[in-house]
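User: I'm new to this structure and would like a close look at one part of it. Please pick a loop, go through it slowly, and then show me how the kinds of contact found there turn up elsewhere.

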Amino acid sequence: MRENDPVTSATRQPETPAPAVQPRLIATDLDGTLLRDDKSVSPRTVAALAAAEKAGIEVFFVTGRPARWMNVVSDHVHGHGLAICGNGAAVVDLHGGPGSHRFVKVRELARDNALDAVRLLREAAPGTVYAVEQTYGFHQEPDYPKLHMEIPDNLRPAEELLAPDGPDTDQPVLKILAYNPSLDPDGFLATARLAIGARANVTRSSPSALLEISGPGVSKASTLALCCAERGISHEEVVAFGDMPNDVEMLTWAGRSYAMGNAHPDVIAAASGRTVANNDDGVAVVIERMLAERP
């Protein structure tokens, strides 16, 4: 299977899991889900994750964050050390620590597709500004606001950043970020998906009108499905947690899934269950109950 081929099983509708199906893998989003609003991992959540691993259940962090922002959970990846970053664009071994992460799998956004997406979205949503996320680099347009925790490597128009002779052409593009200061976030997402079509996958995880654009077929769900297939784990054996539209496909694919108490309405509709909010340790609440019910 080529890296960017769609994983058809990732579009499976959620089913009510049979009681006899025991979970083998927990897939959890980070911001707004596992992390509290102050970006901390509570002691209760740390204990629940450790208990799950001790019981033989793998824990995968599945996030829109780039690898270099994973230090917040790098102490909690346990033996395998792997995380899915960039909304499925990369599987990363976190053992090396910040700045030394090893990319195990990369599902890049082809530059031609990225340029098409920028052009089409400029036409459909005037005023949109862009940033480009690569494996190790981050570049943005001059008018792109300071939304992130870093200084960009380059300030140029997106067309120059994505050109064949642009900066860091030796690094694959993981995703592009598109921000519009005047549009409703959900409306902007709908507009972008209609304009870009099958050239790229468009989603969002921010409460603002900030979109994340990845390669065709690249999502948290499709990369998680690849990782599970490599381990012989079926979708019925996966329990997933999330709170924003970039989690919808993953929650739909997993055999059992939970929307956080603070989740977006689309996430609540996609999940097979619901837990309390991230600030109330909603992931830990479910893990504790799940382990207590194991035979």
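Analyst: Here is a walk through one loop, followed by some salt bridges, the cysteines and a helix.

A bit of housekeeping: this is a predicted model, where local features need pLDDT of at least 70, side-chain atom pairs count only at pLDDT 80 or more, and totals for chains, interfaces and linings use all residues. Residues are numbered from 1 along each chain as its sequence is written, and side-chain values use heavy atoms, with hydrogens and water left out.

The loop to look at runs between β14 (273-274) and α9 (282-292), and Thr-275 lies in it. Helices (H or I, at least four residues) and strands (E, at least two) are DSSP runs, numbered from the N terminus. Thr-275 has 9% relative accessibility, so it counts as buried; that word means under 20% relative accessible area, while exposed means over 50% and partly exposed is in between (1.4 Å probe, protein chains only). What does Thr-275 touch, leaving out residues up to four places away in sequence? The list is Tyr-258, Ala-259, Met-260, Gly-261, Gly-282, Val-285 and Val-286, with contact meaning heavy atoms within 4.5 Å. With Gly-282 there's some extra detail: a polar atom of the Thr-275 side chain lies 2.9 Å from the backbone oxygen of Gly-282.

Asp-281 sits in that loop too, whereas Arg-36 is in the loop between α1 (30-34) and α2 (43-54). These two form a salt bridge, their closest N and O atoms being 2.9 Å apart. To count, a side-chain nitrogen of Lys or Arg has to be within 4 Å of a carboxyl oxygen of Asp or Glu. Because of where the partners sit, this pair ties together parts 245 residues apart in sequence. Asp-281 is buried at 7% relative accessible area, but Arg-36, at 27%, is partly exposed.

Side chains of opposite charge can pair when their charged atoms come close. How many salt bridges does the model hold? The count comes to 17. One of them joins Arg-122 and Glu-159, with closest N and O atoms 2.9 Å apart. That pair links distant parts of the chain as well: Arg-122 is in helix α3 (residues 111-124) and Glu-159 in helix α4 (residues 158-161), 37 residues apart. Both are partly exposed, Arg-122 at 28% and Glu-159 at 36%. Another joins Arg-102 to Asp-93 at 3.3 Å, and Asp-93 is buried at 12%. Then there's a network of salt bridges linking Glu-58, Lys-105, Glu-230 and Arg-231.

What about the cysteines? A disulfide is a covalent bond between the sulfur atoms of two cysteines, and here a pair of cysteine sulfur atoms must be within 2.5 Å. The count is zero. Take Cys-228: the nearest cysteine sulfur belongs to Cys-227, 7.0 Å away. Cys-228 is buried at 0% relative accessible area, and Cys-85 is buried at 2%.

Last stop, helix α5 (residues 185-196), where you'll find Leu-189. Is Leu-189 buried or exposed? Its relative accessibility is 6%, so Leu-189 counts as buried. Beyond its neighbours within four places in sequence, it's in contact with Val-202, Thr-203, Arg-204, Leu-211 and Pro-245. Leu-211 is 22 residues away along the chain, and the C-alpha atoms of Leu-189 and Leu-211 are separated by 6.8 Å.

Methods:
Polar contact = N/O pair within 3.5 Å; in protein donor to acceptor, adjacent residues only side chain to side chain.
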